[in-house]
Amino acid sequence: MKAIKKILSLALVCAMVVALGACGQKTEEKKAASITGPKDLNGKKVGVQTGTTGDIFISDDKELPDVKVERFSKGAEAVQALSQGKLDAVVIDNEPAKAFVKEVKGLKILDTEYVQEDYAIAIKKDRADGLKDKINKALAELKADGTIDKIVSYYIYEDESKRGDRYVPSQEAKTNGKLVMATNAAFPPYEFVESQEIVGIDVDIALAIADKLGMELKIEDMEFDSIISAVQAGKADIGVAGMTVTEDRKKNVDFSDTYYTGRQVIIVKA
């Protein structure tokens with residue numbers, strides 16, 4: 001009889017554990033299902049990459065007074081935390097979001113975007129050499145001759161057969177010195193590491209600008225929130241990292257003309 005009671009007790013405990021597990025799973029599914037747009041982020045735990053536009057916008061969003069923002073040094077770390085159930089959502093740029101969702105199963109991007117943004121190149125304020133004007137002239141020429149569109153089409157494409165060719169740097173001698181670019185190579189397709197080389201949309205655009213200026217491009221990889229400081233201190237000539245023009249950033253650096261329009265999106269569990 002005692003043996004039977006023990007078996008029954010053990011069966012009851014097992015049933016309770018299973019039920020609690022199922023309950024927890026349903027709670028997580030309910031949380032994910034309840035996020036259908038930006039307003040639903042209020043009261044939720046949302047991951048962002050430190051210092052990015054997602055971090056800035058969601059931290060200052062008056063419509064989300066109770067949002068719980070958790071910051072990560074890399075976007076991939078935030079996405080991993082979401083996958084592990086430690087977050088309810090992640091706010092990040094659309095193209096990196098696509099790359100992360102492709103790599104990590106069980107996640108999706110909401111159709112409703114969080115905000116649109118313009119990307120530009122950060123330059124130290126009031127440089128005596130007129131670098132900002134030189135970069136803007138180069139950008140205008142690269143837009144007019146279709147180079148920027150070709151660069152983007154190499155990294156962002158829906159159909160492999162319509163993919164463009166990668167930008168090939170000029171082999172002419174670079175007689176005007178080095179152009180030092182500060183970036184954060186963890187932001188595909190804008191900048192990322194491939195075969196031990198930093199590549200991406202921003203890298204190829206910077207290469208094309210350097211060609212126009214007769215300069216050799218040198219890339220310095222660092223944390224995203226260190227880029228503006230590096231430009232301010234003169235450790236880098238330009239900051240190029242899918243960087244959005246904001247009023248706060250304009251207090252510290254100048255920006256070139258816009259070279260690409262992106263958008264912040266919300267990743268949740270599928």
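A pocket here is an open set of grid points, where a 1.4 Å probe fits, with protein on both sides within 12 Å along at least five of seven lines, and its lining residues have an atom within 4 Å of a point. Keep that in mind, as pockets take up a good part of this briefing. The structure is a predicted model, and its 270 residues are 44% buried. Its secondary structure comes to nine helices and 13 strands.

**The big picture**
- Let's start with the outside: the protein exposes about 14500 Å², and carbon and sulfur atoms supply 52% of that area.
- Now for who touches whom. Among contacts with a separation of 6 or more, 73% are between residues 24 or more positions apart.

**How confident is the model?**
- The mean pLDDT of the protein is 89, and 88% of its residues reach 70 or more.
- Take care at the start of the chain, though: residues 1-8 have pLDDT under 50 throughout. For this stretch, the model has zero contacts beyond four places in sequence.

**The largest pocket**
- This pocket holds about 670 Å³ of space.
- It has 20 lining residues, and those nearest its centre are Ala-99, Lys-102, Tyr-155, Pro-188 and Pro-189.
- Three elements each give two or more residues to this lining: α4 (94-103), α6 (147-155) and β8 (192-194). Of these, α4 supplies the largest share, with six residues.
- Sort the lining by class and you get twelve nonpolar residues, eight charged ones and no polar ones.

**The second largest pocket**
- The volume here is about 210 Å³.
- If you want to find it in the structure, look for its lining: Pro-38, Lys-39, Ile-56, Phe-57, Asp-60, Asp-61, Glu-63, Leu-64, Tyr-114, Val-115 and Thr-246.
- Helix α2 (residues 53-60) gives the largest share of that lining, three residues.
- By class, this lining has six nonpolar, four charged and one polar residue.

**Backbone oddities**
- A bit of background first: most residues other than glycine have a negative phi, and most peptide bonds are trans.
- The peptide bond from Pro-188 to Pro-189 is cis, with omega near 5°. Pro-189 sits in the loop between β7 and β8, and both prolines are among the residues nearest the centre of the largest pocket.
- Asp-126 is not a glycine, yet it has a positive phi of about 55°. You'll find Asp-126 in the loop between β6 (122-123) and α5 (131-144). Asp-126 counts as exposed because its relative accessibility is 72%, and the cut-off is over 50%.
- Ser-195 also has a positive phi, near 55°, without being a glycine. Its place is the loop between β8 and β9 (197-199). With 71% relative accessibility, Ser-195 is over the 50% cut-off and therefore counts as exposed.

**A pair to look up: Thr-175 and Gly-214**
- Thr-175 is in the loop between α6 and β7 (178-183).
- Along the chain, Thr-175 and Gly-214 are 39 residues apart, but their C-alpha atoms are separated by 5.9 Å.
- Is Thr-175 buried or exposed? Its relative accessible area is 64%, so Thr-175 is exposed.

Key
Residues are numbered from 1 along each chain as its sequence is written. This is a predicted model: local features need pLDDT of at least 70, side-chain atom pairs count only at pLDDT 80 or more; totals for chains, interfaces and linings use all residues. Side-chain values use heavy atoms; hydrogens and water are left out. Helices (H or I, at least four residues) and strands (E, at least two) are DSSP runs, numbered from the N terminus. Buried means under 20% relative accessible area, exposed over 50%, partly exposed in between (1.4 Å probe, protein chains only). Contact means heavy atoms within 4.5 Å. Accessible areas come from the Shrake-Rupley method with a 1.4 Å probe; for residues, only the protein chains shown count as cover. On a 1 Å grid over the protein atoms alone, a cavity is a set of points where a 1.4 Å probe fits but cannot get out, and a pocket is an open set with protein on both sides within 12 Å along at least five of seven lines; lining residues have an atom within 4 Å of a point. Grid points are joined across faces, edges and corners, and a volume is the space filled by probe spheres set on the points. Ala, Val, Leu, Ile, Met, Phe, Trp, Tyr, Cys and Pro count as nonpolar, Asp, Glu, Lys and Arg as charged, and the others, Gly among them, as polar. pLDDT is the predictor's confidence in each residue, from 0 to 100.
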